[in-house]
Structures are given as C-alpha cells and as structure tokens.
Amino acid sequence: MGSRVFLDVVDPWINWDWLSTHIPYVLAAVQEHLVLTAIALAGGLVIALPLGIAARRWTNLHLRPAVLTVFGAFYTIPSIALFALLIPYTGLGTLTAEIPLIGYNVLILVRNVLVGLDAVPPDVIDAADGMGYRPWARLIQVELPLALPAIFAGLRVATVSTIGIVTITAVIGLGGLGQLILRGLIESFHTPLVVATALCILLAFFADLLVAGAQRVAVPWSRPA
Amino acid sequence: MSLPQETWRWVTDPAHWQGIDGIPTRLGEQVHLSLESVAIGALIALPVGIVLGHYGRFGNLAINISNVGRAVPSFGILVIAFQVFGLGDVPIVIALTALAVPPMVTNSYVALREVDPDVKDAARGMGYRELPQLLRVELPLAVPLIMAGIRTSAVQVVATATLAALIAGGGLGRYIVDGLARSDNPRLLAGALLVAALALATELLLAGLQQVLIPRGIRLLRAPSGQRAATLKVA
C-alpha cells in the first residue's frame, strides 16, 4: 500500500531531495570551512617564515631548538583540548579556532623552512659569497628561493591537515563542514553527515592539487613530489 | 577565586578521583580505547607495510593509503560509525583504528625499503633464505622507523580518543564536553589539561621506548634519532 510510513525509520545514507533543496546551506558551510583553513595557513606562513629565517640567520641565538621544542609540544596537544583551554579566555569564535590551527601550521612550516634552507648546497652559498652577496641578500635572494620546494611540501601537509582539524571546531560552534557532521549526529540524520565527510575529503584533495599547482608556477624547476 | 585556582581545586578535589566519572576511570577509558585501536591498527598495518616494503612493490599504494588517510576527517568517520553501530566502544575503535593505520603502513613500508641493498646482498651471500633474511636482517634494521610510525599513530589516537565523548562515550573528553554543556569552566579546563598532559606523556614515553627498542647492533651507527617518515596532525 502506501510506501511512505508515518515514521519513516529507514534513513538513506543520502537523501537527494534534502540535498537538492539545501545546496546553499552546504555551500555556506564549505565557504566557512575554506575561510577558516585559509586564515590558518596564511597565519602559519606569516609566523613561520620569519621564524625560520631568523633561526637560520642568527644561529648563535639557539632559536632553532627553542622554536622546535615549544611548537613541537604545542603540536602534540589535541585541538579539542586547546579549544577548551581557550574558551574561558577568548570565547566561542574564530580567534579560539585559529590560535591552535595557526600554531600547528607554524610547526609544520618552520620545520620545512629549515629543512629547505639546510639543503641549499654549500657550493651555491660559496658562489653567492664570491659574487659579493651580503648575508641578508644571500639568504633572501639565493637561499630562500632554493628552499621553496621544501616550503611548498610543508604547505601541502599543512593544508590537508588543517582541512581535517577544522571539522573539530564544530565543538565551539564553528566548523564549516564539521557543523554538518554535528547536525547529522544530533538529529541522527545521515545526509549532512555523509555529504560533509565526503566534501571534506574532496576539499583536501583539490586544495592539495591547488598548492601543488602553485608550486609548479612558483618553482618551475622543481617537480612536486 | 580565579579560574586557574578553581581548576586546581577541581582537579585536587577527592570527589573527582573516584566513581564512574572520576579521573582514574576516565583516564583508564581513554588509554584502554587507544591501546585497543593502536593494537588492531598495528595488526592490520604492519604486515601490509612490511610485506610491501620487503618486495618493493606497490609503493604508490602504500604512500597513497597514507595520503588518502590523512584527508579523512576522524570526526566524520566517528559519527558515521556511530550511526551504524550505535552506542558503545565499536564506533570509536573503528574511527581510531582508521586513524592509526596510515602512518604505520607508510613508515613500515619506508623502513623496509630503506634497508641497504648491500646488506641484503650480504645476507643472501651468507646463505640466508628469504624468510630468515626478512626476520633476522631486514626487520631489526627497520625497527627505528617502524617504531616511529607506531609512535605517530599512538599519539594521534590518544589525542583523538577525546572525541569519544561527542558520541556519548567515555574518556577524558567527557569533562570537556560536559564542561561546555554545563558552562562549567573548571571542569572544561581540567579536562583540557588532562588530555594535553596525556598526549605529551604518550609522546615522551614512546620516544623513550623507541630509543630502548633500537637493536644494539645498529644503535652504534645510527643516524639522527626520532626520525619519522610521515607525521601529520589530524586531531
């Protein structure tokens, strides 16, 4: 008889009717996800690049072990714990989400900036010195461009990792796609949950491709691994 | 009274050290879930990584498992598993195992690949057959990197086990989720500090274990310690 029961207990994994009427809602979540990710990456780069360069330039200050230890310990602390630690002080909002995300990215990026700078061949440095480069100019104009492939590798790792962790900011009322996962959990409604998980994987995949593409443009002599 | 003082009082309150919502119980739950997941993950991942690395085949597969794995949001997998299996430990163990597998596959694959071909030649020349060569020559040399993979997985798993509280499970995440729900900041902060301390302790403990487990023969000629093939934060 009637195929629709009063309480339709069988919830399909994806309810296409719901999805087709909620596309703007899903896209808004994707947009929030991307904005949170972009801020975390930009913030990470803005801090990590000068830190890495300074640690390399002034080796006598022992910045390198200090930076790697401090951010390494920070990196080990789970994001949900850091969000919780910050809530009493910075409230529920973007700042609380971004402090941990940026901190994690600083470690990933600083490590790769240093690896990249370490890998500059001594012959190149000798040649630059012979051509009359001063230490700063040599660092910025010779060593940093040669470190770009390693920096891009770090940026790819940071990108994929950030897209995953952003889902957990749902706990503090943000979360982009994490908010859809949370809604799926609270309402026991499969569609937003499955769609958001799948979109997260897709976002990570395409963002990774995008950064790899940017590397091809910025560092044409290197092949992305 | 300031928040840090209130949090300190919360942690040192004897009432919070007993019963089903006490710190020892919650800590035990988190460690138990993590151990279970890392053990299951190791049983799946290590044979795959070791065999692929030994034969040097399907290297892209081993690396891609890790690349895809790190893009999968644990929170999503956790909730999907919860929808399928309902209340209990099963969903969290599934999500954590899925998290534990990729770094262990990649690291054990790389570990076996990086065994010096000359050493393998020498072993063959000394009359080792394939299996004894794998077990007695290649595996001992691969231990440092394999251990690094286990360590990476374990630290991520212990951290992510906190999410169990979101699907009505136990563990230290309980204090964070309940603290948020009740606007109970001392509870929230105490939970956060306990989780952070557990993650740091796991990292240090396994780093120490990694040093101890290095076979004596290769400790002498070792490269920098604490190396890892693929580390990635996912929680």
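What percentage of the 235 residues of chain B count as buried?

**Exercise 1. Describe chain B as a whole.**

Solution. Begin with the conventions. The model is predicted, so local features need pLDDT of at least 70, side-chain atom pairs count only at pLDDT 80 or more, and totals for chains, interfaces and linings use all residues. Residues are numbered from 1 along each chain as its sequence is written, while chains are lettered from A and ligands numbered from 1 in the order in which they are written.

Step 1. A residue is buried if 20 or more other C-beta atoms lie within 10 Å of its own, exposed if 12 or fewer, and partly exposed in between, with C-beta atoms placed from the backbone. By this rule 48% of the 235 residues of chain B are buried.

Step 2. Helices (H or I, at least four residues) and strands (E, at least two) are DSSP runs, numbered from the N terminus. Chain B has 10 helices and 0 strands.

Step 3. Along the principal axes, the C-alpha atoms of chain B fill a box of roughly 70 × 40 × 25 Å.

Step 4. Two residues are in contact if their C-beta atoms, placed from the backbone, lie within 7 Å. Among contacts in chain B with a separation of 6 or more, 75% join residues 24 or more positions apart.

**Exercise 2. State how confident the predictor is in chain B and in the complex.**

Solution. Step 1. pLDDT is the predictor's confidence in each residue, from 0 to 100. Its average over chain B is 87, and 92% of the residues score at least 70.

Step 2. Within chain B, helix α10 (residues 216-219) has the lowest confidence, at a mean of 69, and helix α2 (residues 23-55) the highest, at 94.

Step 3. Over residues 223-230 of chain B, pLDDT stays under 50; the model has 16 contacts for this stretch beyond four places in sequence.

Step 4. For the complex, the predictor gives an ipTM of 0.84 and a pTM of 0.85.

**Exercise 3. Compare chain A with a compact globule.**

Solution. Step 1. Chain A has 9 helices and 0 strands, and 44% of its 225 residues count as buried.

Step 2. The radius of gyration is taken over C-alpha atoms, and the globule rule is 2.2 Å times the number of residues to the power 0.38. A compact globule of 225 residues would come out near 17 Å, but chain A has 22 Å.

Step 3. The C-alpha trace of chain A spans about 90 × 40 × 20 Å along its principal axes.

**Exercise 4. Characterise the side of chain A that touches chain B.**

Solution. Step 1. The contact joins 34 residues of chain A to 33 residues of chain B.

Step 2. On the chain A side, α3 (63-76), α4 (79-90), α7 (135-166), α8 (177-187) and α9 (190-218) each supply at least two residues. The most come from α9(A), with 9 residues.

Step 3. Ala, Val, Leu, Ile, Met, Phe, Trp, Tyr, Cys and Pro count as nonpolar, Asp, Glu, Lys and Arg as charged, and the others, Gly among them, as polar. This side of chain A then has 24 nonpolar, 10 polar and no charged residues.

Step 4. For one example, L85(A) lies in helix α4 of chain A. It is buried because it has 22 C-beta neighbours inside 10 Å. Beyond four places in sequence, L85(A) is in contact with L189(B) and A192(B).

**Exercise 5. Explain why α8(A) is largely enclosed, and locate its partners.**

Solution. Step 1. Of the 11 residues of α8(A), 8 are buried, so the helix is largely enclosed by the rest of the structure. Among them are L177(A), I181(A) and L185(A).

Step 2. These buried residues pack against α2 (23-57), α7 and α9 of chain A together with α4 (74-85) of chain B.

Step 3. Just after α8(A), S188(A) takes a positive phi of about 50°.

Step 4. L185(A) is also one of the contacts of I167(B), a residue in the loop between α7 (130-160) and α8 (173-181) of chain B. I167(B) is buried, with 22 other C-beta atoms within 10 Å.

**Exercise 6. Identify the largest nonpolar core.**

Solution. Step 1. A nonpolar core is a set of buried Ala, Val, Leu, Ile, Met, Phe, Trp, Tyr and Cys residues joined through C-beta atoms within 7 Å.

Step 2. The largest has 125 residues, and A84(A), I181(A) and A192(B) have the most contacts inside it. Helix α5 (residues 90-113) of chain B gives the most to this core, with 13 residues.

Step 3. Not counting residues up to four places away in sequence, A84(A) touches I176(B), L188(B), L189(B), G191(B) and A192(B).
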